[in-house]
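Me: I would like to go through a model with you before setting anything up. Could you show it first?

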Amino acid sequence: QVAEAVAEPLLGTRRVTLVASGGSGELGVSRLPTEILEVVTKLPAAVEALTGVSVTQVPPTRGPSLR
């Protein structure tokens, strides 16, 4: 659900510009899945730092998804 919510704004995207700042590894569009995975991986810590709520400790709820 978190990955879906992070990726949803990209649905209407017609063009993506990636800027590589050194390092090694993939370049171009093949790097996009790695970048998205890094954002999703860091998201719980960022939410906790901003809100004080640990999303990994919140019990799951029944009902509609994040939308």
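The exchange below covers the chain as a whole, then its helices and some individual residues.

Me: What kind of model is this?
Reply: It is a predicted model.

Me: How many helices and strands are in the protein chain?
Reply: The protein chain has 2 helices and 0 strands.

Me: And what share of the residues counts as buried?
Reply: Of the 67 residues in the protein chain, 1% count as buried. The accessible surface of the chain is about 6,000 Å², and carbon and sulfur atoms account for 60% of that area.

Me: On to helix 2. What span should its 20 residues have, and how far apart are its end C-alpha atoms?
Reply: At 1.5 Å a residue, helix 2 should span 28 Å, and its end C-alpha atoms are 28 Å apart, so the two values agree.

Me: Where in helix 2 does the kink lie?
Reply: The kink is at Leu-43, shortly before the proline Pro-44, and amounts to about 40°.

Me: What phi does Gly-52 take, just after helix 2?
Reply: Gly-52 has a positive phi of about 80° there.

Me: Which residues does Val-47 touch, leaving out those up to four places away in sequence?
Reply: Val-47, which belongs to helix 2 (residues 32–51), touches Gly-52, Val-53 and Val-55. Val-47 has 27% relative accessibility and therefore counts as partly exposed.

Me: Now Ser-54. Is it buried or exposed?
Reply: Ser-54 counts as buried because its relative accessibility is 15%, under the 20% limit. Ser-54 sits in the segment after helix 2.

Me: What does its side chain make a polar contact with?
Reply: The partner of the Ser-54 side chain is the side chain of Thr-56, at 2.9 Å.

Me: And how far is Ser-54 from Pro-44 in space?
Reply: Their C-alpha atoms are 7.0 Å apart, with the two residues 10 apart in sequence.

Me: Different topic: where is Glu-26?
Reply: Glu-26 is in the loop between helix 1 (2–7) and helix 2. At 42% relative accessibility, Glu-26 counts as partly exposed.

Me: Which residues is Glu-26 in contact with, beyond its neighbours within four places in sequence?
Reply: Glu-26 is in contact with Arg-31 and Thr-34.

Definitions and conventions. Residues numbered from 1 in each chain as written. Predicted model: local features only at pLDDT ≥ 70, side-chain atom pairs only at ≥ 80, totals over all residues. Heavy atoms only, no water. Helix = DSSP H or I, 4+ residues; strand = E, 2+ residues; numbered from the N terminus. Buried < 20%, exposed > 50% of the residue type's maximum accessible area, 1.4 Å probe, protein only. Areas by Shrake-Rupley, 256 points an atom, 1.4 Å probe, with all protein chains shown as cover. Contact = heavy atoms within 4.5 Å. Polar contact = N/O pair within 3.5 Å; in protein donor to acceptor, adjacent residues only side chain to side chain. Expected span 1.5 Å × (residues − 1). Bend = angle between axes of the 7 residues up to and from the residue.
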